Amino acid sequence: DGALADSIPIRKMQEMGCDKIIVVLTKPDNYRKKKHPEFMAKLIDIAQVGRSAAMELLQTGRPCAFCASMAELDSITAKSISIAAQNGDETAIEVYKYVGRMLGKAMAIVIDLLNPEMIVIGSVFVRSEQLLRDEMQKAINAECLAPAAAACRVVPAELGEALGDIA
């Protein structure tokens, strides 16, 4: 289904010398998956990590850029935390560092189990790669078998937000 690899590896087949490629689709041409915004965020739940961090600060009388009061806790989103992090808010940056580490640990399991050459991540990784990449890579390097980690690249989906419509 393309979750961990190219869903239709046409380029690879061409590189291998194939010049006649038949693709059999199992869904109508106009099929599109229903949008599931923030899917990756729900897996690692950036907003929930942000709510916990904001609550801790608010309980000590200190607001953060993405949440000024307890009344705003339920309105925290991955996007609001991302904007705050990009503007230099230390709490938001720490939220993304934590999530990057958790993402890296999850990727390390996939890499060690399946030994892929590439993992393509869409959704929140496409939007926030610069906030997640360093900590994710550190966790992969720390958790993975070194040869498997060296052989695998983790990249944002070129289709960006449209990845879920196709894959």
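Me: In which helix is Ala-150 found, and is Ala-150 buried or exposed?

Reply: In this predicted model, Ala-150 is found in helix α7, which covers residues 146-151. Exposure is read from the relative accessible area, and exposed means over 50%. Ala-150 has a relative accessibility of 71%, so this residue counts as exposed.

Me: How far is Ala-150 from Glu-117, along the chain and in space?

Reply: Along the chain the two are 33 residues apart, while their C-alpha atoms are separated by 9.0 Å.

Me: How should the overall make-up of the chain be read, and which elements are present?

Reply: The chain holds 8 helices and 2 strands. Read from the N terminus, the order of the elements is α-α-α-α-α-β-α-α-β-α. Of the 167 residues in the chain, 35% are buried. Contacts can also be sorted by sequence separation: among those between residues at least 6 apart, 65% join residues at least 24 apart.

Me: How are two packed helices described?

Reply: Two packed helices are described by the angle between their axes and by the distance between those axes. Here, helix α4 (residues 78-86) and helix α5 (residues 90-114) pack at an angle of about 120°, and their axes are 7 Å apart. The crossing of this pair is left-handed.

Me: Which residues make the contact of α4 with α5, and how do they divide by character?

Reply: From α4 come Ala-78, Ile-81, Ser-82, Ala-84 and Ala-85, and from α5 come Ala-92, Ile-93, Val-95 and Tyr-96. These residues divide into 8 nonpolar and 1 polar, with no charged residue.

Me: How does the length of α5 agree with its number of residues?

Reply: The check compares an expected span with the distance between the end C-alpha atoms. The expected span is 1.5 Å times one less than the number of residues. For the 25 residues of α5 this gives 36 Å, and the end C-alpha atoms are 36 Å apart, so the two values agree.

Me: Which residues of α5 are buried?

Reply: Among them are Thr-91, Ala-92, Val-95 and Tyr-96. Further along α5, the buried residues include Val-99, Gly-100, Leu-103, Gly-104, Met-107, Ala-108, Val-110 and Ile-111.

Me: What does Ala-53 contact, leaving aside its neighbours within four places in sequence?

Reply: Ala-53 is in contact with Thr-91 and Val-95, both of which are buried residues of α5. Ala-53 itself is placed in helix α3 (residues 46-59). A residue counts as partly exposed between 20% and 50% relative accessible area; Ala-53, at 22%, is therefore partly exposed. Ala-53 and Cys-67 are 14 residues apart in sequence, with a C-alpha to C-alpha distance of 9.8 Å.

Me: Is Glu-135 buried or exposed?

Reply: Buried means under 20% relative accessible area. Glu-135 has 12%, so it is buried. Glu-135 lies in helix α6 (residues 124-143). Not counting residues up to four places away in sequence, Glu-135 touches Lys-97, Gly-100 and Arg-101. With Arg-101 there is also a polar contact between the two side chains, at 3.3 Å.

Me: What is the phi of Asn-115, and how should its sign be read?

Reply: Most residues other than glycine have a negative phi. Asn-115 is not a glycine, yet its phi is positive, at about 50°. Asn-115 comes just after α5, in the loop between α5 and β1 (118-121). With a relative accessible area of 48%, Asn-115 is partly exposed.

Methods
Residues numbered from 1 in each chain as written. Predicted model: local features only at pLDDT ≥ 70, side-chain atom pairs only at ≥ 80, totals over all residues. Heavy atoms only, no water. Axes fitted to C-alpha atoms, helices over the stretch in contact; angles between N-to-C directions. Helix = DSSP H or I, 4+ residues; strand = E, 2+ residues; numbered from the N terminus. Left-handed = near helix turned anticlockwise from the far one by under 90°. Contact = heavy atoms within 4.5 Å. Nonpolar A, V, L, I, M, F, W, Y, C, P; charged D, E, K, R; others polar. Buried < 20%, exposed > 50% of the residue type's maximum accessible area, 1.4 Å probe, protein only. Polar contact = N/O pair within 3.5 Å; in protein donor to acceptor, adjacent residues only side chain to side chain.
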